[in-house]
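I set out to record, entry by entry, what I looked up in this structure. The entries follow the order in which I turned to each topic.

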Amino acid sequence: MYIKDLSKFENQLVTLKGWVANKRESKGLVFIVLRDGTGLCQCVADANNIDESYFNDARKTTLETSISITGKVIKDEKQIGGYEIAITELELIQVATDYPIAKKEHGVEFLMDHRHLWLRSQRQWAIMRIRNTITFAIHKFFQQEGFIQMDAPLFTGNAVEGTSTLFETDFYGDPAYLSQSGQLYGEAMAMAHNKIYTFGPTFRAEKSKTRRHLSEFWMIEPEMAFHDIFDNMDLIERFLRAVVLDVLANNKPELAMIERDISILENITKPFPRLTYDEAVKIIKGEVDVNNKNAIVSLEEELTSVVNRISEVEAEIKEREDKIKVPGMKKGEIGFNQAKIDKLKHELNELEEQSRNIPQWLSSARNFEYGNDFGGSDETVLTRLFDVPIMVYNWPHEVKAFYLKRDPENSKFARGVDTLAPEGYGEIVGGGERETDLDLLIGKINEHGLPMEAFEWYLDLRRYGSVPHAGFGLGLERLVAWVCKLPHVRETIPFPRMYGRLKP
Ligand code: 4AD
Ligand code: MG
């Protein structure tokens, strides 16, 4: 019996097993908010209606005490989940003392150190359920499209995305690397099955502390025979649309819990703008407007309004702090003002972060040099102008991976495509059409200083029945972060591994 199924048991006796998420007492009553992993439900112990021993046990419960509760299911729209339990019996399983994550605000480092417990909190719970929907939706989409799921090895002998971000391990005395991408194996598997996808853990060793980087993340990599870059873009668009629509269909309550504005997600049915690298650069540098918005001018305006709002908020905090210092104010009124002050301080923190970020974005956009890859700031500047994901294709071949096909119409460019999430999020998908010309590919492997011998098997794919093919990689955590509008990818995975964090 689970809380999620209570609606089927109105006015019946049920037994629920779970943990105490909240408790309060008032004369002769104990209110327990029970959490069972499927939902939350208020359970009420009334001293007048139950055995004294049960009532006393109800009083003994503390935050995260595990219990079994039997009681009658009563419909009550006002309650969380729409039902309440009138307790008839209660059994303590384990009484928890001093649960470290109390109701008060904790810093992120403290919460990350207690990730094993933090996962129980409502917000984290909601995020993980959305992640689950996304994982399932990904499999559904590709299976329905006739793709075969296959697995690439995690121990590899060669780099895919450049040698600087490899974790080296000892493989029976020889060096081996943790996989940066299953793509090269995916290409081999696509030549056997036509359309395949891999879905597995991926490792990147860059010592990067940004909000987008994990050392271990999950990547979905489809690879398709007889697809060019444009077929690839069509697939990316249909794929992301299907996944986001699945979240909207299944996770409205969770999205509400984390206060996600879903109108942005609903835009996913609109076509994704496709820009060449050249067009995107002009937008970043403020030479071309988007939807009547100029990247540089809108950032400057926003900075001004952030600065103005900071002084307003600071003034209001001071005013309210002075007010509650005056003796004689009623307790309730002090509480009301204190709550306002806390909220304003929270807003102030966010505004101050923006006032540090915007000048960085501005300088990065103003100084962007044509020919460079986009950095995080450039992606932010660009995607803040859009309310749907965008695709940027045809990149200068020097800044992209060795395996991308040179554009037949202009050899300055490679047929790579990045998909960037809106609202400042940036890259969530990287992919492209693959080089099939054996000589160009050998030239690229040399140019990148990669060991030819390790790639002989990969070159065989161009020697025996080579066909045009394309694919892409979606970072699961980056997608979850955008769908949930989280400030950092660390909250999108149960136990994040990143520079500076290997525990718990
Ligand atoms: O752009 P990337 O490096 O592309 C590849 O690995 C290709 N071989 C994929 C392919 O074509 N089959 O990585 C793909 C995606 C990125 O767009 C991003 O979403 C995610 O993987 N990603 C990371 N996510 C979290 N932390 C990191 N350090 C990430 N690096 C890449
Ligand atoms: Mg990339």
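Entry 1, strand pairing. I took two strands as paired where DSSP finds at least two bridges between them. I also noted at the outset that this is a predicted model. With that criterion I turned to strand β6 (residues 148–149), which is joined to β10 by two bridges, the two strands running parallel. I looked up Q149 and found its bridge partner in β10 to be Y197.

Entry 2, the other partner of β10. I then followed β10 to β11 and recorded nine bridges between them, in antiparallel orientation. Within this pairing, I found M219 of β11 opposite G200. I asked how many of the nine residues of strand β10 (residues 195–203) are buried. I recorded seven of the nine, so β10 is largely enclosed by the rest of the structure.

Entry 3, the whole sheet. I traced an open sheet of eight strands with mixed pairing, in the order β6-β10-β11-β16-β15-β14-β13-β12. At the edges I noted β6 and β12 (274–276); each has a single partner strand, so one side of each is left without a neighbour in the sheet. For β12, I recorded three bridges to strand β13 (residues 390–396), and these two strands run parallel. The bridge partner of L275 in β13 is V392.

Entry 4, V392 and its surroundings. Setting aside neighbours within four places in sequence, I listed the contacts of V392 as L275, Y277, A280, V417, D418 and L420. I next consulted the largest nonpolar core, which has 81 residues; V392 is among those with the most contacts inside it, together with I134, L476, V480 and V483. Which helix gives the most to this core? I found helix α6 (residues 229–250), with nine residues. Domain 2 (118–272 + 389–492) and domain 3 (296–366) both give residues to this core, so I entered it as lying between them. Apart from this core I noted another, of 21 residues, including W19, V20, I32 and I67.

Entry 5, domains. I recorded the division of the protein into domain 1 (3–94), domain 2 (118–272 + 389–492) and domain 3 (296–366). Taken over C-alpha atoms, the centres of domain 2 and domain 3 are separated by 39 Å.

Entry 6, the shell around ligand 1. I looked up the 22 residues around ligand 1 and found that S181, Q183, G430, G473 and G475 come nearest. The elements giving two or more residues to this shell are β11 (216–225), β15 (426–433), β16 (469–475) and α15 (476–484). The largest share, five residues, comes from β15. By residue class I entered eight nonpolar, eight polar and six charged.

Entry 7, F495. I located F495 in the segment after α15. Is F495 buried, exposed or partly exposed? It has 14 other C-beta atoms within 10 Å; the cut-offs are 20 or more for buried and 12 or fewer for exposed, so I entered F495 as partly exposed. Leaving aside neighbours within four places in sequence, I found F495 in contact with R115 and P504. F495 and R115 are 380 residues apart along the chain, and I recorded a separation of 7.0 Å between their C-alpha atoms.

Note on methods
Residues numbered from 1 in each chain as written. Chains lettered and ligands numbered in written order. Predicted model: local features only at pLDDT ≥ 70, side-chain atom pairs only at ≥ 80, totals over all residues. Near = placed C-beta within 6 Å. Helix = DSSP H or I, 4+ residues; strand = E, 2+ residues; numbered from the N terminus. Nonpolar A, V, L, I, M, F, W, Y, C, P; charged D, E, K, R; others polar. Core = buried A, V, L, I, M, F, W, Y, C linked by C-beta atoms within 7 Å. Domains from an automatic or database assignment. Contact = placed C-beta atoms within 7 Å.
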